[in-house]
Amino acid sequence: MEFVKTTPNYQPYTALIELNRPKELNALNLQLMQELKEALKTLDQDESVRVIVLKGNEKAFAAGADIKQMANKSAIDMLMIDQFSTWDQIKKTRKPLIAAVSGFALGGGCELAMTCDMIVASETAKFGQPEIKIGVMPGAGGTQRLTKAIGKARTMEMVLTGKFIEASEALAYGLINKVVPVELYLSEAMKLAAEIAQMSPVAAMLAKESINRSFETHLDEGLHFERKNFYLTFASEDQKEGMQAFVEKRSPNYQGK
Ligand code: CAA
């Protein structure tokens, strides 16, 4: 892989994926997205991995889709290439996925971070959907996920002016989970990953699936889906272990079964 580096056991039960196209500020070209898709698919099936962290570098998480690669394309080229279809794999990832963001998270970069389940950011992080400045609009979830995360008024302003928001604003708006000094953003993301990795991976997967379902459905159906997943956790050995450990006043040891 040229643009994506994967470390399956960066720390116990946690894999790190690093976007590695630094000269172009991790602009998301077709090859990078294809590699990311494959890396996520592999790690999602790897039993030794329970949580995945995705990072860029200090200057840029990702500065968006690759403008140079798209500049001369026609609408039909875009339709036939259908570059955003590779993004579906990110959404399909069943294990918890944490974005560790420093520097620019713009356009597709902001959309990529939002497709992850949680975002830990450095104080230098900047989020934006600046597509309007280059005569287009967000195409990989910016008008949908951002609206759900921070509301219509703020999304309208960001998408229609292209302005960036600082990490502190993103935190206040509820877009991200945490802001820390730049030298700590990866270790903080890893700390969060380690905490989640101690839980039952079966329960984590079913809980993630249920939370995401709330974006797709109305309340009654979502509650029904949640209830079924809750009952399903009782098919796991981890449920027996978790409840037994509580009764015995000891720490549980989950096997993901
Ligand atoms: N695509 C392709 N190349 C990009 C890029 C992008 N999205 N963003 C940065 N680069 C390249 C620059 O062209 C430059 O390359 P050269 O050295 O070969 O000229 C290199 O990365 C460094 O960038 P800058 O010199 O511009 O760095 P800067 O610090 O002065 O500015 C920036 C940083 C404000 C992020 C600026 O690069 C910028 O505005 N980038 C574009 C952001 C953008 O519009 N993103 C949305 C893309 S469209 C999209 O994402 C659609 C979608 O919904 C998926």
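How many residues surround the ligand, and which are the closest? Here are some points to follow as you look at this predicted model.

1. Start at the ligand. It is surrounded by 24 residues. Ala65, Ile67, Gly108, Glu111 and Gly139 are the closest of these, so try finding them in the picture before you read on; a residue counts here if one of its heavy atoms lies within 4 Å of the ligand.

2. Next, look at the polar atoms. Gly108 places a backbone N or O atom 2.8 Å from an oxygen atom of the ligand. Glu131 uses its side chain instead: one of its polar atoms there is 2.9 Å from a ligand oxygen atom. At Ala63, a polar backbone atom lies 3.0 Å from a nitrogen atom of the ligand. How much of the ligand does the protein bury? On its own the ligand exposes 990 Å², and 65% of that is buried by the protein.

3. Now see where the shell comes from. Two or more residues each are given by α2 (67-70), β6 (104-106) and α5 (108-115). The top contributor is α2, with three residues. By character, the shell has 13 nonpolar, seven charged and four polar residues.

4. Finally, step back to the whole chain. The domain assignment splits the protein chain into domain 1 (4-197) and domain 2 (201-248). Their C-alpha centres are 26 Å apart. Nine residues of domain 1 and seven residues of domain 2 take part in the contact. Between them the two domains bury about 680 Å², with 58% of that area on carbon and sulfur atoms.

Methods: Residues numbered from 1 in each chain as written. Predicted model: local features only at pLDDT ≥ 70, side-chain atom pairs only at ≥ 80, totals over all residues. Heavy atoms only, no water. Polar contact = N/O pair within 3.5 Å; in protein donor to acceptor, adjacent residues only side chain to side chain. Areas by Shrake-Rupley, 256 points an atom, 1.4 Å probe, with all protein chains shown as cover. Helix = DSSP H or I, 4+ residues; strand = E, 2+ residues; numbered from the N terminus. Nonpolar A, V, L, I, M, F, W, Y, C, P; charged D, E, K, R; others polar. Domains from an automatic or database assignment. Contact = heavy atoms within 4.5 Å. Buried area = accessible area lost by both parts, 1.4 Å probe.
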